[in-house]
Amino acid sequence: MFKEPVEVLPNVNYTACATLKGPDSHYGTKGLRKVTHESPTTGAKTCFTFCYAAGNNNGTSVEDGQIPELIFYT
């Protein structure tokens, strides 16, 4: 969790990364490349598209990795 919310703008690419220290950890599987959320109150849609990041990903990918979820509000 961030101490303060981070504004995410439409049509801008962002990279989320984390440095883990300590013993081996568990990781998630079956990640989705695209997630669309429809607001139950306004019907507005928010879409997140996930893609591979350049560089050393330590064996993680869009499908298998260490960041299990994004919490957002509009």
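Lys21 sits in the segment before S1, where strands, like helices, are DSSP runs numbered from the N terminus (E, at least two residues, for strands; H or I, at least four, for helices). With a relative accessible area of 79%, Lys21 is exposed; the cut-offs are under 20% for buried, over 50% for exposed and partly exposed in between, using a 1.4 Å probe and protein chains only. From Lys21 to Val8 is a step of 13 residues in sequence and 27 Å in space, C-alpha to C-alpha. The model is a predicted one, so to speak of local features takes a pLDDT of at least 70, side-chain atom pairs count only at pLDDT 80 or more, and totals for chains, interfaces and linings use all residues. Residues are numbered from 1 along each chain as its sequence is written, and side-chain values use heavy atoms, with hydrogens and water left out.

Now for the chain as a whole. DSSP gives it 2 strands and 0 helices. Its radius of gyration comes out at 14 Å, against the value near 11 Å that a compact globule of 74 residues would have; the radius is taken over C-alpha atoms, and the globule rule is 2.2 Å times the number of residues to the power 0.38. Laid along its principal axes, the C-alpha trace spans about 45 × 25 × 20 Å. Just 4% of the 74 residues count as buried. About 7400 Å² of the chain is exposed, and carbon and sulfur atoms supply 54% of that area, as worked out by the Shrake-Rupley method with a 1.4 Å probe, where for residues only the protein chains shown count as cover.

Contacts and charges come next. Taking contacts (heavy atoms within 4.5 Å) between residues at least 6 apart in sequence, 47% join residues at least 24 apart. On the charge side, there are 7 negative and 6 positive side chains, and the centres of the two sets lie 3 Å apart. Lys and Arg count as positive, Asp and Glu as negative, with His and the chain ends not counted; each charge is placed at NZ of Lys, CZ of Arg, CG of Asp or CD of Glu.

As for annotation, an unreviewed UniProt entry puts "domain: PHR" on residues 1-73; such positions are given in the numbering used here, feature names are shortened, and annotations may be inferred rather than shown by experiment. That span is 14% strand and 0% helix, and its end C-alpha atoms lie 14 Å apart.

Between the strands, Gly43 lies in the loop that joins S1 (34-38) to S2 (45-49). Gly43 counts as partly exposed because its relative accessibility is 33%. Gln66 is 23 residues from Gly43 along the chain, and the two C-alpha atoms are separated by 31 Å.

Two asparagines have backbone angles worth a look. Asn11, in the segment before S1, has a phi near 60°, a positive value in a residue other than glycine. Asn58, in the segment after S2, also is not a glycine, yet its phi is positive at about 50°. Both side chains belong to exposed residues: the relative accessible area is 85% for Asn11 and 69% for Asn58.

The segment after S2 also holds Ser61 and Ile71. Ser61 is partly exposed, its relative accessible area being 26%, and its C-alpha lies 16 Å from that of Leu20, with their positions 41 residues apart in sequence. Ile71 counts as exposed, since its relative accessibility is 64%. Although Ile71 and Pro5 are 66 residues apart along the chain, their C-alpha atoms are separated by 10.0 Å.
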